[in-house]
Structure formats: structure tokens, C-alpha cells
Amino acid sequence: MRRRHALVPSLAVLCTTALAACAPGGTAPGSEPVEPTAVSTILGTEEVTLSLMSTPESGEATKKAIAAFEGLNPNVTIEYEQTNYEDYNKSLNLALSSSTAPDIVLLNSVGTTVKNGLVRNLDGYAQAYGWDEEVPTNQLAQWQVDTDGTTLGLGPLYAAPAGFSIVGVYYNKALAAQIGLDAPPASLEELTAAMGDAQAAGILPLQLGNAEGHAAFPVQLVAQAVDGPAEYSAWVYGQSGATFDTPGNAEGLDLLADWATDGFIPDDANGTDLQGSVAKFVAGEGLFLVDGNWDAAKIDDGLGEDAGFFAFPGTTTTGIGTSVAYGISSASEHPDVAAAFLDFMQSPAAGQYQWEQGFLPVDGTELAPEEGTVRADLLSAWEAVNDADGLVGFNANASPTMNDTFKASTQEIIGGRLDTRGAIERVQADWTQTHG
Amino acid sequence: MAEVPGTVVDRPRDPGLRGHRSAPPTRITPRRAVRRRGRGTALLFLAPAALFYGLFVLLPWLHSAWISLYEWDGIGVATWVGFANYVTVFTEPALVGAFVHAIGFIGFYTVIPVFLGTVLAAILAASRRRGAGLLRTVLFLPQVLPLVAVGVIWRYLYSQDGLVNHLLAAVGLESLTRPWLGDFDTAYGAVGLVGTWVATGLCTILMLAGIQKIDPALYEAARLDGANRRQEFRHITVPGLRREVVVATTVTMVAALASFDVVYATTGGGPGTSTMVPGMMIYQLVFTANRVGVACALATVLSAFTVLLVALINRLGRER
């Protein structure tokens, strides 16, 4: 008995010391952002195998680009791996800090990946390959991260865009014809008027699935239409002094509440996910659907020539978008080869694959979509937004938890449980926690 | 579910006695030495299990408790914050709300299933008709399905054009149809009922096994004394199932407090935060919010609370 009594405390002491020795963290490849080493644009003849991680949405075009790149460089093999979007974002940091880290990774947001030095600073490659000249400045901004690890639009580049996404408004031309709408609305007032006409004609004005919080799209687009893209960008990028408390956001949230009360959106919006809403839109339920280019192929297949797309109107034409951008792991042993692949993804050939997949390419000079199709609409919307310098990053990316905050807040607004003021305060409180 | 408190375990025989029996007859071994050898052998047999339990259950638990004292984003350098994360767990409304929801789930996962299970088992045991075996299998089926699959199935059943609404419309209750999981008023109950659906089968099977252990002579005696079915149930079946009730309550209560799969697959904690439970919250804190310390604090509080509750149930359920 005496022996056992002695054992317990000594075991406890042992455990505590063992645990103290392995205080969490600090095991990442580099806790400081990795400074670029000498870069080279020359590919050797050495046999190199790289691994690349992506998601299904962005992956098809990448797979084709890999095949083409491997054809041009027979000594390079790129192994492709994919995970669905939600799980991808959750496992990315773990994968990058593991001993079998992939070489090239899709970055959906900067998150804590850059802060912890898990991906390389690409400034050297950007200069060597001239990415900073080929890609419009506002498209690179969301991959430039300041030294605090959270403010975007300033500082070194951490990912190279391969294709772009844009969120705008899909519309059903057959339903539009029923209410006499023969051209896309040219202002926010015209858009809301068309929604009213649809309601009066017994047509659901706006298809919406908010189980995952996608009501944040229309809220952001309305806000940008009112406030302008520059102000919204500053907030999304976490630049100091920015606030969510603007007339535009208030109007966007007010409209969402009105739509819910007036039956302008489906009753089960909070119980339907984005893909569910796309399926319903394709089945003819809804005049408008606010969604991104990634669903263009599905909507084209489903609605055919009845499918249309336009950029959100306002004082400035704006869109929400980001790029399908790839970064290079800090642990990669062949960053030069990886960078050569990133550069290849900006070529016209790879741009074709992006376009086939529904993304907007870096170099779109060789594209000629068929007139009158949703694809042609998409390209002209993209050009209109770029001409107005109106592309803004996703509001849900403004902080690590912003997606959940928008999800809960918009669901509560639709359910009549939260007012605009409460939502604005909650969103800004979340923002302050990260960008203070 | 590996170790179920309340089950009957054979008591180890007194090691001293066994020592005496195996001791050489010519020499009297001192009692102490025998004791020690017996204990050594016992420890040797315990070692593999203890090692695995220690490595894969106790150590991770201690490690998680340790992390809960830090502010950590999961990758970078951690900062010691003492008990600040615990203060957060008990003060941040979202975290407290998740706890309240989990405790409420005990009603759906434990109270209703144990009650229903006991009644169903009594009915099943009493009727010797054909098809009882089939019914047992059907009742137990939800327990066999992976919970994520259960969640996905129910998400379809509960959707606006799902089976639940179709059935309601078919019997003229159109006014009640709604997107059950998207509605703030119904989502919590709807998710809870999925738990009831899963746990009832388990409880029924447990109770059925228990009833078969009750001495038939008791029922016979009661019948001779003129007791009816309900009185039999009340005075023989229910008291005879005391041990099974404790097991069923323990298992389902742990499932209620640790619920994650069904919530994740049906609502993800929404709409708003109306179905948020600690399991889901921990997942979000770790993977989206990068607040690993707070997540570990929540996990530690949750596991301590669960252990306390289970201990309490077992104490209450002990036969007097």
C-alpha cells in the first residue's frame, strides 16, 4: 500500500514535466515568414515529383494543366490530390506542417497559413516571371500579406493566381420575358423593381440557399453598389480604420430582412445549401440567383439558352471575387519547379482549361465564347467589373470566423431574430477581434 | 462504449488464497512474499491494456487539458494564459448556449428512449407472435448505421419537399409543413428527435435482454395474486430492469453530451446558433476560429461534466 501511495505523486510529476517539455506549438517548419532565397526560372533535367493539393471546384482545370505541363517537361511529375472545400480549408495547415507536406497548395484565404510561415514569399518569382505586370493589381492584392499576418493588400505576395472567380447575378431569361425584362437591370432600383414585378407575377424573385450563409453574397453586392468597391475592399482586407457600419451594409441587411418578410426568397432558404439552391434555380424556381462563375457549367447545362448572367449594377459595377491561387509550401524542396508550374498556369493554354471549367483566366486573349450564352455573359460581366476596378474579395474572408458570423447573422435576419443594427455590431465585433 | 459501468464483473479471487494453493508444501512461504508475487502477476496481465489506455486515452486527455492553459492558433507559438480560457468557456454566450443545448439533448437521447425502450421491450417480451425477431432487428438498425449517414438521411426527410412534409400534407396537416431544420422554432427539436430515433433501438434491446433475466416465477406469482399486465410492468419489470436502466442512461447520456455527427450533418449548428452543441463548437473553434486553447478548455469542462454526471447516475442506480 505504501508503495502505491508513493507512485501516484511521482507519476503526476513525471506527466507534468513531460507535458511542460512539449508545450503546444512552435513545431511548424518556420514560425517566421520565410524570406525568399535565390530564385531561378530554369528547370533542370533532374527527375522531380511534386505534390499538389486542391479542391474539386478548382481542381479540374488544374489537372489538365498538370498533364500539359508534364508533357512539356517530361522529367517533372505532379501528383494531384483533392478534398472538398470545407474540409480542405480545415486540413490545409495540418497538411502543410506535416512531414509529408505538399509542394503546391490551393489557397482559399490567407488565414493563419501565411502568418505561420507555411507558404513561401513569392516576390522573387513574381519579379522573375513578371506576374506583377501580367496580373491586374487589384487581383494580386488579396494575396499580399503585411507583416502582421492579417492585413492584406500590402506586403509580399504569397500566392499566384491561376484563374479568377466572380460572383454576380444569374437570371432565368424565360421568366424574365414573362415580366417584360429583356435586358439585365442597370441599377439597384431596377433590380429591386424587377423583383417586385416577379413577385406580382407569381414568380419567386430570388432563389437563395442560406444553410451555409450564402446570403452574404447579395448583402455584399448591395453594399458595394451603394458604398463603392474601394471602401468595401479596405474592410475585407482588414485595413486599419475600416468599418462594417456603412449605409450600404445597412441597406443590404435591411433588404434581406424585407425579402424574407415579403416572400421574395424561398421559405426554406435557411435549410437549403448553395448547391440545393442551384438545383432549384435550374429547375425553374427563381428569377435571379446570386452565385459565382463556378456554377456556370451546371446552370448552362440545366437552363441552356434561358440562362443569363450579369455583373451587379450600382454607382459602380462591382463583383465579388477571388482567384484560384496556388502557393508554394515552405517545406518544398523544389520551389523553382513549383514556381515554373505556377507560371504555366497563367499561360493562354492553361487559361483555356480554366475557362472550360468556368473560371476567368489570367490571359483570356484566346477566348471566344458563343454569343448569347451564359458563358458569353460571364466574360462580358468580368470585363465590365475589371473596367470599373470593381472586384472585391469575399466579405466572409475578412476574418477566420467571419464566415460563421455571417452565416449565423443572416440566418437570424431571415428568421426575424436579429435586426440590421445587431448584425452590423456583431460583424464589426468579429472584425475587430482580428484586425482591432 | 467499451467500458460500461454497472455491468456485472467477476470479482478477482483473493490472490493470497491462490498463493497458498500454489506454494510448495514443504516450505512455508512468508505471506508478504506471496502477496507481492500475486500482485506482480496481476500487474503483468494488466500492463498491455493499461499501457494502451494510458497512451491513447489518459495521455491525450491530459495533453488536451494542458493545451487548455494556453492561447494557441494550432500551428504557431503558444502563450501561457492560465485559466483565462476557462473563464471564456463560462462567460462567452455562444459557448454557454452550446452547453445548455447539450443538456437539453439528454431529454431526447436519454429520457424518451429509456422510457420508450422499456415499454417496447415489455410488449415485445410478452408477445410471442412471429415477426418479433424482425421487429427487434428493425428497431436496432439505427444503431448500426454510421451517425453521419443517419444525419444525411434525416436532412432529406426534414427538407421542404421531404417525406415528413409529404406525410403531413397527405393527412391534411399542410399548415404544419415547414423546412424543419431551417426553422428557428423547430430545428432543435428536429435534431433531438433524430437522437431519439437512434437511441430507442439500443434501449429496447438492452431492456429486452434484461427482461429475459427476470425470474418467470415472479410473473407467475403476480398473476396468481391477480395482477394485471400493467401492474406486472410496474412492480416486476421496471424494478427488475434497474441495472439495464443505469447502463442505457449512461451510454445515451454520454452520446447526448458528446453529440456531434448528427448536428454536423443536419444543421451545422444553425439556424443561427440554435442547434450548436459543444462537440460542434469545439470543431469550429479548432478548425475555423484557430482558438485551440479555448476548444481544449471546453473539451475538458465537457468531459469532466460528463464523468460527474455518469458517476452520479451510477450512484443513484446502485442497488440498495
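**Chain contacts, helix α11(A) and confidence**

In this predicted model, 28 residues of chain A are in contact with 27 residues of chain B. The mean pLDDT of chain A is 87. Helix α11 of chain A, residues 229–236, has a set of buried residues.

**Side of chain A that touches chain B**
- At least two residues each come from α1 (2–21), α3 (85–97), α4 (111–115) and α18 (402–414) of chain A.
- α18(A) gives the largest share, five residues.
- Sorted by class, this side of chain A has twelve polar, eight nonpolar and eight charged residues.

**Helix α11(A)**
- The buried residues in α11(A) are A:Pro229, A:Tyr232, A:Ser233, A:Trp235 and A:Val236.
- These residues lie on the same side of α11(A), because they cover an arc of only 160 degrees around the axis.
- Their cover includes α10 (216–227) and β14 (391–392) of chain A.
- After α11(A) comes A:Gly238, which has a positive phi, near 75 degrees.

**Confidence in chain A**
- A pLDDT of 70 or more is reached by 91% of the residues of chain A.
- Confidence is highest in strand β8 of chain A, residues 206–207, at 97, and lowest in α1(A), at a mean of 42.
- Residues 1–21 of chain A stay under 50 in pLDDT, and the model has four contacts for them beyond four places in sequence.
- Residues 27–34 of chain A also stay under 50, but for these the model has 26 contacts beyond four places in sequence.
- α1(A), where confidence in chain A is lowest, is among the helices that supply residues to the side touching chain B.

Methods
Residues are numbered from 1 along each chain as its sequence is written. Chains are lettered from A and ligands numbered from 1 in the order in which they are written. This is a predicted model: local features need pLDDT of at least 70, side-chain atom pairs count only at pLDDT 80 or more; totals for chains, interfaces and linings use all residues. A residue is buried if 20 or more other C-beta atoms lie within 10 Å of its own, exposed if 12 or fewer, and partly exposed in between; C-beta atoms are placed from the backbone. Helices (H or I, at least four residues) and strands (E, at least two) are DSSP runs, numbered from the N terminus. The arc is that of the directions from the helix axis to the C-beta atoms. Two residues are in contact if their C-beta atoms, placed from the backbone, lie within 7 Å. Ala, Val, Leu, Ile, Met, Phe, Trp, Tyr, Cys and Pro count as nonpolar, Asp, Glu, Lys and Arg as charged, and the others, Gly among them, as polar. pLDDT is the predictor's confidence in each residue, from 0 to 100.
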